[in-house]
Every structure is written in C-alpha cells, then in structure tokens.
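Got the viewer open? Let's take a walk through this one together, picking one selection at a time.

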Amino acid sequence: RQIISENTPKAWLDWAESKKPYKMFLAHLARMDKDSIDRINNLENVVVGLGPDIMLQGEPMRLREPTTNILRDALIWINNGKLLFSTDFAWNVYDRTKWGDFDWGTKDRLKEEANKLDISEEGICNILGRNAIGFFELY
C-alpha cells in the first residue's frame with residue numbers, strides 16, 4: 001500500500017519536460033493526481049490512458065484524489081485532447097480473485113459520461129481513437 005500511495009506521475013513528468021519532444025503515455029489516468037494533471041494539460045508531449053476504470057474506482061488507494069465517478073472526473077479534469085482510450089483490460093476486473101472475468105464496458109461508460117457532460121460526438125471519437133492517431137502520428 002505504501003508503495004502504491006507514494007507512486008506519483010511527478011517524476012515521469014519531470015523527465016517528459018526535460019526530454020521534449022519525446023512522447024510519454026501515462027497509464028491509469030495518471031492516478032488522478034490533480035497537480036500532475038494540471039501539468040499534463042500544458043505539455044504537448046504527454047497523454048493519459050483512460051483505463052482501467054473499474055479497478056481504479058474500486059481501489060481508491062491507487063488514486064491521489066478521491067472520486068466517486070472516475071470517468072466523469074477524468075473528462076472534467078483532463079483536457080479531452082490528452083485522453084486516450086485504453087482499457088488495460090487485464091486489470092479491469094470487479095473481483096481480483098476472478099482474473100478471467102474481465103469487464104468490457106469502459107467504452108459504453110465513457111460515452112455515457114461524455115454525453116452527460118455534453119461532449120460532442122467528435123470529442124468522443126477523438127478520445128476513442130483519433131487522439132492516439134494524432135499523438136503517435138499513425139496517419
């Protein structure tokens with residue numbers, strides 16, 4: 001628990017800032033670390049992976065900031081152009097004793113929360129794929 005609670009994207013962001021233009025993908029919603037997210041929103045070479053929402057929501061010790069709805073808060077806190085859809089499916093389980101019982105609903109939950117926040121269909125499509133295509137120059 002102590003190692004998890006002390007894990008922060010700060011050191012990785014320091015590296016990313018010093019190594020521009022190298023690109024960095026931070027997984028696990030950057031632990032919903034508000035200070036790090038504020039920095040990420042202003043760095044061109046850093047993006048954030050959206051998953052695994054179930055694990056992160058169910059294990060609040062993994063987060064720096066408390067949240068009752070991780071996807072909603074991620075959509076509010078993180079510039080939508082910085083969010084990349086990533087299920088990280090092998091970790092998206094409700095019960096850690098049932099590793100084969102994966103949850104596949106992240107995309108639907110994301111769309112539902114985005115619609116509640118009036119994020120456009122284009123914005124949703126960007127998160128689901130276009131942001132990754134642009135960031136990693138896959139065109």
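Start with everything shown as a surface. The accessible surface of the chain comes to about 8000 Å², and 53% of that belongs to carbon and sulfur atoms. Keep in mind as you go that this is a predicted model. Of the chain's 139 residues, 40% count as buried.

Now switch to cartoon. You should find seven helices and three strands. Following the chain from the N terminus, the elements run α-α-β-α-β-α-α-β-α-α. Take the contacts between residues at least 6 apart in sequence: 64% of them join residues at least 24 apart.

**Stop 1: the sheet**

Select β1, β2 and β3. In what order do the strands of the open sheet lie? The order is β1-β2-β3, and the pairing is parallel. The edge strands are β1 and β3, each of which pairs on one side only. In general, the strands of a sheet pair through backbone hydrogen bonds, and they can do so parallel or antiparallel.

Zoom in on β2 and β3. These two run parallel and are joined by two bridges. Click on Val48 and look across to β3: its bridge partner there is Leu83.

**Stop 2: Ile78**

Next, select Ile78, which sits in the loop between α5 and β3. Is Ile78 buried or exposed? It counts as buried, because its relative accessibility is 2% and the cut-off for buried is under 20%.

Show what surrounds it. Setting aside neighbours within four places in sequence, Ile78 is in contact with Leu29, Ile37, Asn41, Val48 and Leu83. Val48 and Leu83 are the bridge partners from the sheet stop. For Ile37, try the distance tool: its C-alpha atom is 6.4 Å from that of Ile78, though the two residues are 41 apart along the chain.

**Stop 3: helix α7**

Select residues 121-135, which make up helix α7. This helix has 15 residues and reaches 19 Å from first C-alpha to last, close to the 21 Å expected at 1.5 Å a residue. Turn the view until you can follow the helix along its length. Where is the kink in α7 centred? Look at Ile127, where the bend is about 60°.

Now colour the buried residues of α7: Gly123, Ile124, Ile127, Asn131 and Phe135. A general point helps with reading that list: an α-helix has 3.6 residues a turn, so residues three or four places apart point the same way.

What covers these buried residues? The cover includes the strands β1 (24-26), β2 (46-49) and β3 (83-84), along with the helices α5 (70-77) and α6 (106-116). Before leaving, step just past the end of α7 to Glu137, which takes a positive phi of about 55°.

**Stop 4: salt bridges**

Time to show charged side chains as sticks. How many salt bridges are there? The count comes to 11, and three of the pairs are worth a click.

Begin with Arg39 and Glu17, whose side chains meet in a salt bridge at 2.6 Å, N to O. This pair links distant parts of the chain: Arg39 is in helix α3 (residues 34-40) and Glu17 is in helix α2 (residues 10-18), 22 residues apart. Arg39 is partly exposed, with a relative accessible area of 22%. Glu17 is partly exposed too, at 38%.

Move on to Arg64 and Asp33, where the salt bridge is 3.5 Å, N to O. Here both partners sit in loops: Arg64 between α4 (53-58) and α5, and Asp33 between β1 and α3, 31 residues apart. Arg64 counts as partly exposed at 39% relative accessibility, whereas Asp33 counts as buried at 6%.

Then pick Arg109 and Asp53, whose closest N and O atoms are 2.7 Å apart in their salt bridge. The pair joins helix α6, home of Arg109, to helix α4, home of Asp53, across 56 residues of chain. Arg109 is partly exposed, with a relative accessible area of 22%. Asp53, at 4% relative accessibility, counts as buried.

For a last selection, highlight Lys10, Asp14, Glu17 and Arg39 together. Salt bridges that share partners join these four residues into one network.

Technical notes:
Residues are numbered from 1 along each chain as its sequence is written. This is a predicted model: local features need pLDDT of at least 70, side-chain atom pairs count only at pLDDT 80 or more; totals for chains, interfaces and linings use all residues. Side-chain values use heavy atoms; hydrogens and water are left out. Helices (H or I, at least four residues) and strands (E, at least two) are DSSP runs, numbered from the N terminus. The expected span of a helix is 1.5 Å times one less than its number of residues. The bend at a residue is the angle between axes fitted to the seven residues ending there and the seven starting there. Buried means under 20% relative accessible area, exposed over 50%, partly exposed in between (1.4 Å probe, protein chains only). Contact means heavy atoms within 4.5 Å. Two strands pair if DSSP finds at least two bridges between them. Accessible areas come from the Shrake-Rupley method with a 1.4 Å probe; for residues, only the protein chains shown count as cover.
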